[in-house]
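Thank you all for coming; I would like to take a few minutes to walk through one structure. Please have the sequence and the model open while I speak.

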Amino acid sequence: MQLSKAIEVSNLTKIYKARKKTGDVLALDDFSLSVDTGQIFGLLGPNGAGKTTFVKILLGITNATVGGGAILGQPISNYTVRSRIGYLPENHKYPPYLNAEELLIYFAKLCSYDNGKLNQRIDELLAMVKMARWKKVKIKKYSKGMMQRLGLALSLINEPDIVFLDEPTDGVDPIGRKEIRDILIDLKNRGKTIFVNSHLLSEVELISDRVAILHHGKLVRDGSVDELTTAKELYEIEVLGEPDEALFNTGSTVSLVSHKDTKYTVKLDSVENLNELVDSLRNNGILIKSINPKKQSLEELFINTIKDKDDQKL
Ligand SMILES: Nc1ncnc2c1ncn2[C@@H]1O[C@H](COP(=O)(O)OP(=O)(O)O)[C@@H](O)[C@H]1O
Ligand SMILES: [Mg+2]
C-alpha cells in the first residue's frame, strides 16, 4: 500500500534574530523530514535541539527563515489545513477558574467546531482521557498528569487528522505516561497521524513507528525504531558451557564486549569476521547455541549518536 505523506519539509532553516548583541540562534539548520500518514512519529532531541521550533513552523506560529513544506498535502502557508490539525503545546497554561467542560467548549468555539453534538463529543473525549469525573471540577485542582490529559482532549476537539504533541508526558508519573501512550496507540488505530516531540526516549520507543533525532537543529538519524536500534556490529553468541573469554578476542577485528554466563557479546566489523569467529570457536570444540544481532535501546543510540556528533566538533 502506498502511504501518502502527512508532513513533508525540505531544507528548513530557522534563525532567531537576537534583539541585543547576544548573537543570533540557529534553531534549525537545513532540516528535511517526511512523515507518512497513519503513523506515530517521534521527533527526539535534547532540550534546545529545535523540536518545538519545527512544530511551530509547521503550524504557522513562527516562520522559517529559509525553506518550506507541506502538511496533509497543502503548503504550510495554507491556513485552511489547520482545521484538520490538533496541537498540544509544550508548557501550556489554561485558565484555572474554568472546569474541563467549559474549557473544551471554549476551544470548540475558538476553532468553530460544532457539529450539533458538542456535548456528546466532550463526554467522549473526557472518557477517552479518563477525566469524565473531573468534568465540573476547576482546572486549578488538577495535577500535572490531569493537565496533560485535558490538553490531549483539547487537541482532539476538532476531530483532527493529524495531532502534534509537544512533550506530552513531561512531568507525568509512570501510570499517567502509560495511559497517555495507550491513548496515542488508540488514536493511531483510528487512522490518525501522531507527531510527538519528546526528550523522553524510552517512551517514544514503545509507541513510535518511526523516529528522527535532531541535534543543534540538524537531523542526525531517522528511521524505524527497529532499524535504528539494531546495532549492526554487536552480536550475542550463546554457547554450551563457559569457555575462556580469550577465544572471543580473535585479533583486531573481533573483541569481546561483555560476558554473562553462557552469553558472550562481541563487537566486529563485518559478517566475514563473524563467520571467522564461528569457525575459530568450532575449531576449538565449542558448541554454539544461538547468534543474535544485539539491539541497543533508543536511549543508547541517542547518546552514542549525539556523543559522536559532539566529538566530531571538538
Ligand atoms: N522565540 C525565540 N527567540 C529566540 N530564540 C529561541 C526562541 N525559541 C527558541 N529559541 C532557541 O532556539 C533553539 C531551539 O529551541 P526549541 O525549538 O525550543 O528546542 P526544543 O523544543 O528542542 O527544546 C534554542 O537554542 C532556543 O533557545
Ligand atoms: Mg521544546
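Before I point to any particular pair of residues, I should say that two strands are taken to pair when DSSP finds at least two bridges between them, and I should add that what you see is a predicted model. With that in mind, look at S5, where Pro75 is the bridge partner of Ala70, and where Gln74 is the bridge partner of Ile71. Strand S4, residues 66-71, thus runs alongside S5 in the antiparallel sense, over 2 bridges. The hairpin made by S4 and S5 has 2 residues between its strands, and in that hairpin Leu72 adopts a positive phi near 50°.

Let me widen the view to the sheet around this hairpin. The sheet is open and consists of 4 strands, in the order S2-S1-S4-S5, with antiparallel pairing. Its edges are S2 and strand S5 (74-75), each of which has a single partner strand, so that one side of each is left without a neighbour in the sheet. Further in, strand S1, residues 5-16, pairs with S4 in the antiparallel sense over 5 bridges, and Ser10 is found opposite Gly68 in S4.

Now to the ligand. Which residues surround ligand 1? They are Tyr16, Val25, Ala27, Gly45, Asn47, Gly48, Ala49, Gly50, Lys51, Thr52 and Thr53. By residue class, this shell divides into 4 nonpolar, 6 polar and 1 charged. S2 and helix H1 (51-58) each supply at least two residues of the shell, and the largest share, 3 residues, comes from H1.

Next, the overall division of the chain. The domain assignment gives domain 1 as 5-216 and domain 2 as 231-313, and the C-alpha centres of the two domains lie 40 Å apart. How many residues does each domain bring to the contact? Domain 1 brings 9 residues, and domain 2 brings 7 residues. On the side of domain 1 that touches domain 2, helix H6 (201-207) and strand S9 (210-215) each contribute at least two residues, with the largest share, 4 residues, coming from H6. The residues on that side of domain 1 are 6 nonpolar, 2 polar and 1 charged.

That leads me to the interior. As a general background, nonpolar side chains in soluble globular proteins tend to be buried together. Here the largest nonpolar core has 60 residues, of which Leu44, Ala153 and Phe195 touch the most other members. Strand S2, residues 25-36, provides the largest share of this core, namely 5 residues. Why is the core said to lie between the domains? The reason is that domain 1 (5-216) and domain 2 (231-313) both give residues to this core.

Leu44 deserves a closer look. If we set aside its neighbours within four places in sequence, Leu44 is in contact with Ser198, His199, Leu201, Val204, Val211, Ala212, Ile213, Leu214 and Phe302. There is also a second, separate core of 7 residues, which includes Phe248, Val266, Leu268 and Leu277.

To close, I would return to the two places where we spent the most time: the open sheet, whose strands are ordered S2-S1-S4-S5, and the 60-residue core, to which both domains give residues.

Definitions and conventions: Residues numbered from 1 in each chain as written. Chains lettered and ligands numbered in written order. Predicted model: local features only at pLDDT ≥ 70, side-chain atom pairs only at ≥ 80, totals over all residues. Domains from an automatic or database assignment. Contact = placed C-beta atoms within 7 Å. Nonpolar A, V, L, I, M, F, W, Y, C, P; charged D, E, K, R; others polar. Core = buried A, V, L, I, M, F, W, Y, C linked by C-beta atoms within 7 Å. Buried ≥ 20, exposed ≤ 12 C-beta atoms within 10 Å, placed from the backbone. Near = placed C-beta within 6 Å.
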